[in-house]
Amino acid sequence: MKPTVALVGRPNVGKSTLFNRLTKTRDALVADIPGLTRDRHYGHGRVGNKPYFVVDTGGFEPVVQDGIMHEMARQTLQAVDEADCVVFIVDARIGITPQDKVIANHLRQISQPVWLVVNKSEGMQQSIVAAEFYELGLGDPLAISASHGEGVKHLMELVLEPF
Ligand code: GDP
Ligand code: MG
């Protein structure tokens, strides 16, 4: 059975850019406007001879009143529930944000494997990029550049390895 990989993270970290690269489409809207991808968005990817489904999520828009978990539940929790594994994307240029911590707290409690991915790391040294994000408690951060395609194939080989 084809595994489903969910791409999650706060707005503007590069989920849709990675989705487009994995599915080789321009299907997911990439924008400079955070949170533009409103709905879950499904596509097909393949690494080597392994096909998989990938889900782009647009969730995690800032919700001050009820906290971010409320919004996460509404928009993305179902995608995470349905997924066989989760790619959690953070931003090398921005560093850890409070929203990242809320998401990480949730993802540490799910049963599926979670891969912590530090995007926008082109031109940066992998070990330095990764160091800051260990604090999220989700294991070894993997540095990639979704827009430049760096580290993406390696990431998906790791992600798909158990399937
Ligand atoms: P999403 O809100 O998480 O779906 O993020 P998007 O995919 O829409 O990307 C948000 C912004 O980050 C856009 O301006 C992208 O071009 C930019 N971006 C995405 N990936 C990278 C990357 O690897 N490096 C850099 N420098 N910018 C990126
Ligand atoms: Mg998006």
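Start by selecting Leu7 and looking across to strand E3: its bridge partner there is Asp56. Keep in mind as you click around that this is a predicted model. Now turn to E4, where Leu7 stands opposite Val87.

Next, colour the whole of strand E1, residues 4–8, along with E4: the two pair in the parallel sense, over four bridges. Add strand E3, residues 50–56, and you'll find it parallel to E1 as well, again joined by four bridges.

Which way does E2 run against E3, parallel or antiparallel? Select both and you'll see an antiparallel pair joined by seven bridges. Val47 stands opposite Lys50 in E3. Follow the chain round the hairpin that E2 and E3 form, with two residues between the strands. Stop at Gly48 in that turn, which has a positive phi of about 60°.

Zoom out to the full sheet. It's open, six strands with mixed pairing, in the order E2-E3-E1-E4-E5-E6. Strand E2 (41–47) and strand E6 (142–143) are at the edges with a single partner strand each, so one side of each has no neighbour in the sheet.

Now for the core. Select Ala6, Leu7, Val86, Val87, Phe88, Trp115 and Val117: of the 37 residues in the largest nonpolar core, these touch the most other members. Strand E4, residues 85–91, gives the most to this core, with six residues.

Finish on Val86. Leaving aside neighbours within four places in sequence, Val86 is in contact with Ala6, Val8, Val80, Leu107, Gln112 and Val114.

How values were computed. Residues numbered from 1 in each chain as written. Chains lettered and ligands numbered in written order. Predicted model: local features only at pLDDT ≥ 70, side-chain atom pairs only at ≥ 80, totals over all residues. Core = buried A, V, L, I, M, F, W, Y, C linked by C-beta atoms within 7 Å. Buried ≥ 20, exposed ≤ 12 C-beta atoms within 10 Å, placed from the backbone. Contact = placed C-beta atoms within 7 Å. Pairing = 2+ DSSP bridges.
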